[in-house]
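The following text is a walk through one protein model, from its overall build down to single residue pairs. Please keep the sequence and the coordinates open while reading.

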Amino acid sequence: MGTLGCCLLLALALLVPWDAESRKCDLQGLWRNELGSNMTILATNTAGTFSGSYHTAVAATTKQILVSPLQGVQQHPGAKRHPTFGFTVQWQFSDSTTAFVGQCFVDHHGKETLETTWLLREEVLSHKDTWKATRVGTSIFIRIK
Ligand code: BTN
C-alpha cells in the first residue's frame with residue numbers, strides 16, 4: 001500500500017470515532033420498546049413538530065388493536081445531541097389517550113435509544129372515578145430502522 005493509501009486509512013480511522021462521538025440523536029425512524037410495540041416517527045420539521053404512527057403490542061381494552069397516529073414536538077430541533085421530546089397517541093380503538101415524554105440518547109458507538117415516561121388516561125363515566133383513571137410507566141425504545 002502506498003503512502004496515499006496509508007494516509008487515507010489513517011484519516012478514516014481518526015474520523016469514524018469522531019463521527020460517532022459527535023452524532024446527534026435523531027427521532028426519525030422505526031422504534032421498538034420492551035413490550036414489543038412498534039412506532040414510526042416521521043421527519044421533524046424546523047419548528048420541531050413531528051407525526052408518526054404507533055402499533056401497540058398490548059392494550060388495556062379487549063378491542064382489536066389498530067395502528068394509531070401520534071403527534072409530537074422535539075425541543076431545540078437540530079441543536080442538541082440528546083434532545084427532549086413529547087408526543088401523544090390518539091388510539092383508534094379505545095377512548096384513552098397516552099402522552100409520552102422522553103429524551104433521545106446516542107452512545108459512543110452511535111446506538112440510539114428513546115428513554116420515555118408515559119401517562120395513559122382512560123375514559124371514566126364519572127369524575128368520581130378519576131382516582132383510578134391514570135396509569136403511569138416508563139419505556140425504552142431501540143431503533144429498528
Ligand atoms: C388502550 O389500552 O386503551 C390503548 C393502548 C395503550 C397501550 C399502552 S400506552 C403505554 C404502554 N406502552 C405501550 O407500548 N403500550 C402501552
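A residue counts as buried under 20% relative accessible area, as exposed over 50%, and as partly exposed in between, with a 1.4 Å probe and protein chains only. By that scale Glu112 is buried, with a relative accessible area of 10%. The model is predicted: local features need pLDDT of at least 70, side-chain atom pairs count only at pLDDT 80 or more, and totals for chains, interfaces and linings use all residues. Residues are numbered from 1 along each chain as its sequence is written, and side-chain values use heavy atoms, with hydrogens and water left out.

The protein chain contains one helix and eight strands. Helices (H or I, at least four residues) and strands (E, at least two) are DSSP runs, numbered from the N terminus. In sequence order the pattern is α-β-β-β-β-β-β-β-β. The chain has 145 residues, and 30% of them count as buried. Its accessible surface, from the Shrake-Rupley method with a 1.4 Å probe and, for residues, only the protein chains shown as cover, comes to about 9,200 Å². Carbon and sulfur atoms account for 60% of that surface. Contact means heavy atoms within 4.5 Å. Among contacts between residues at least 6 apart in sequence, 42% join residues at least 24 apart.

The eight strands form a closed barrel in the order S1-S2-S3-S4-S5-S6-S7-S8, with antiparallel pairing. From one strand to the next, the twist averages 30°; the axes behind such angles are lines fitted to C-alpha atoms, for helices over the stretch in contact, and angles run from 0 to 180 degrees between N-to-C directions. Two strands pair if DSSP finds at least two bridges between them. Strands of a sheet pair through backbone hydrogen bonds, either parallel or antiparallel. Strand S1 (residues 29–33) is joined to S8 by three bridges, and the two run antiparallel. In this pairing Arg32 stands opposite Ile142 in S8.

Further along the barrel, S4 (residues 68–74) and S5 (residues 84–90) are antiparallel and joined by five bridges. Gln71 has Thr88 in S5 as its bridge partner. S5 then pairs with S6 in the antiparallel sense over seven bridges, and a hairpin of six residues connects the two. Along this pairing Gln90 stands opposite Thr97, and Thr88 has Ala99 as its bridge partner in S6. S6 also pairs with S7, again antiparallel, over ten bridges. One opposed pair there is Gln103 and Glu115 in S7. The S6–S7 hairpin has five residues between its strands, and Gly110 in the turn has a positive phi of about 90°.

Which residues of S6 point to the buried face? They are Thr98, Phe100, Gly102, Cys104 and Val106, while Thr97, Ala99, Val101, Gln103 and Phe105 point to the other face and are not buried. In a regular strand the side chains alternate between the two faces of the sheet. Ala99 lies in S6 (residues 97–106) and is partly exposed, at 32% relative accessible area. Leaving out residues up to four places away in sequence, Ala99 touches Phe87, Thr88, Thr117, Trp118 and Leu119. Ala99 and Phe87 are twelve residues apart in sequence, yet their C-alpha atoms are 5.8 Å apart.

Side chains of opposite charge can pair when their charged atoms come close. A salt bridge here is a side-chain nitrogen of Lys or Arg within 4 Å of a carboxyl oxygen of Asp or Glu. The whole structure has two salt bridges. In one, Glu112 pairs with Arg143, with the closest N and O atoms 2.5 Å apart. Glu112 lies in strand S7 (residues 112–121) and Arg143 in S8, so the pair ties together parts that are 31 residues apart in sequence. Arg143 is partly exposed, at 26% relative accessible area, whereas Glu112 is buried. In the other, Arg135 meets Glu122 at 2.9 Å, N to O. Arg135 lies in S8 and Glu122 in the loop between S7 and S8, so this pair ties together parts 13 residues apart in sequence. Both count as partly exposed, Arg135 at 37% and Glu122 at 26%.

The end of the chain carries a surface feature. Ile140, Ile142 and Ile144 form a nonpolar patch with about 230 Å² of accessible area together. Patches are made of residues with over 30% relative accessible area and no salt bridge; like charges are joined within 9 Å, and nonpolar side chains (Val, Leu, Ile, Met, Phe, Trp, Tyr) within 5 Å. Ile144 sits in the segment after S8 (134–143) and is partly exposed, at 38%.
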